[in-house]
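This briefing sets out the main features of the structure shown below. The points are grouped by topic for ease of reference.

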Amino acid sequence: MKNIILVGFMGVGKGSVAREIIKISDYMSIDTDDLIESMENRTVKKIFEESGEEYFRNLEKKVSLWLQNSVTNTLISTGGGFYKQKNLKDIGVVVFLNSPFDKILKRIKSHPNASKKLKKRPLLNDLKRAKELYKERLPEYTAVADIVIDVTDKSALECAKELLLKVKTHA
């Protein structure tokens, strides 16, 4: 078993798919944003507000190096920009969870906890900017991925099963 790294746009379901994978497999799960929040004792949102994006990206680099050297047999959910880490492929198999922007937005808004989810993602308050970022990142996510899973209109469990099957057959 090697590490699995989930990448994809904010709100695509990385956390939901990760929770299903750990229920049906022997993988442990960690989230890079959660690690950073623990290191800093403040939220990602606060880190961006108080210290800026460059500071946050340096924290991501620190986490990526730790993951490469210290973590095995783990499912790693990442923040939306973590895919830019240079050592991504050295950490594990990169799986891109893909869905059209409008479907991601619909998924978030239909969630029982929608207001909390939107508050956690302030970028989604500016839908024009968010859609531009999505369009910019889409080819980049595809380029770094070893495996692409289309999560559109599928349950987290369906995605988890498909992902585990594809990882198992991935060379």
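In strand E1, the side chains of Ile4 and Leu6 point one way and those of Ile5 and Val7 the other way, and all four of these residues are buried. The model is a predicted one. The protein chain contains nine helices and five strands, and the points below begin with the pairing of strands around E1.

**Strand E1 and its partners**

- Strand E1 covers residues 4-7 and runs parallel to E3, to which three bridges join it.
- Two of the residues of E1 have named partners in E3: Ile4 is bridged to Leu75, and Leu6 is bridged to Ser77.
- E1 is also joined to E4, by four bridges, and these two strands likewise run parallel.
- Within that second pairing, Val7 of E1 has Phe96 of E4 as its bridge partner.
- In a regular strand, side chains alternate between the two faces of the sheet.

**Strand E3 and its pairing with E2**

- Strand E3 comprises residues 74-77, with Thr74 and Ile76 pointing one way and Leu75 and Ser77 the other way.
- Every one of these four residues of E3 is buried.
- Strand E2, residues 28-31, runs parallel to E3 and is joined to it by four bridges.
- Leu75 of E3 is the bridge partner of Ser29, and Leu75 is also the bridge partner of Ile4.
- E3 is therefore paired with E1 through three bridges and with E2 through four bridges, given that two strands pair if at least two bridges are found between them.

**Helix H1 and its cover**

- Helix H1 spans residues 14-24, and its buried residues are Lys14, Ser16, Val17, Ala18, Glu20 and Ile21.
- The cover over the buried residues of H1 includes the strands E1, E2, E3 and E4, the last of which spans residues 93-98.
- Helices contribute to that cover as well, including H6 (101-109) and H9 (156-169).

**Order of elements and overall form**

- Read from the N terminus, the elements follow the order β-α-β-α-α-α-β-α-β-α-α-α-β-α.
- The radius of gyration of the protein chain is 15 Å, which agrees with the value near 16 Å for a compact globule, because the chain has 171 residues.
- Along the principal axes, the C-alpha atoms fill a box of roughly 40 × 35 × 30 Å.
- Of the 171 residues in the protein chain, 44% are buried.
- Among contacts with a separation of 6 or more, 74% are between residues 24 or more positions apart.

**Surface and charge**

- The exposed area of the protein chain is about 9500 Å², and carbon and sulfur atoms supply 52% of it.
- The protein chain has 31 positive and 23 negative charges, and the mean positions of the two sets are 3 Å apart.

**Positive phi values in loops**

- Most residues other than glycine have a negative phi.
- Asn41, which is not a glycine, has a positive phi of about 55 degrees.
- Asn41 is located in the loop between H2 and H3, and it counts as exposed because its relative accessibility is 72%.
- Asn73 also has a positive phi, near 55 degrees, and is a residue other than glycine.
- The loop that holds Asn73 lies between helix H4 (53-70) and E3.
- Because its relative accessibility is 32%, Asn73 counts as partly exposed.

**Two threonines**

- Thr43 is placed in the loop between helix H2 (32-40) and helix H3 (44-51).
- With a relative accessibility of 38%, Thr43 counts as partly exposed.
- Thr43 and Val17 are 26 residues apart in sequence, and their C-alpha atoms are 22 Å apart in space.
- Thr142 is placed in helix H8, which covers residues 127-144.
- Thr142 has a relative accessibility of 41% and so counts as partly exposed.
- Along the chain, Thr142 and Asn98 are 44 residues apart, and their C-alpha atoms are separated by 8.8 Å.

Key:
Residues numbered from 1 in each chain as written. Predicted model: local features only at pLDDT ≥ 70, side-chain atom pairs only at ≥ 80, totals over all residues. Heavy atoms only, no water. Buried < 20%, exposed > 50% of the residue type's maximum accessible area, 1.4 Å probe, protein only. Rg over C-alpha atoms; globule rule 2.2 N^0.38 Å. Contact = heavy atoms within 4.5 Å. Areas by Shrake-Rupley, 256 points an atom, 1.4 Å probe, with all protein chains shown as cover. Lys, Arg positive; Asp, Glu negative; His and termini not counted. Charge placed at Lys NZ, Arg CZ, Asp CG, Glu CD.
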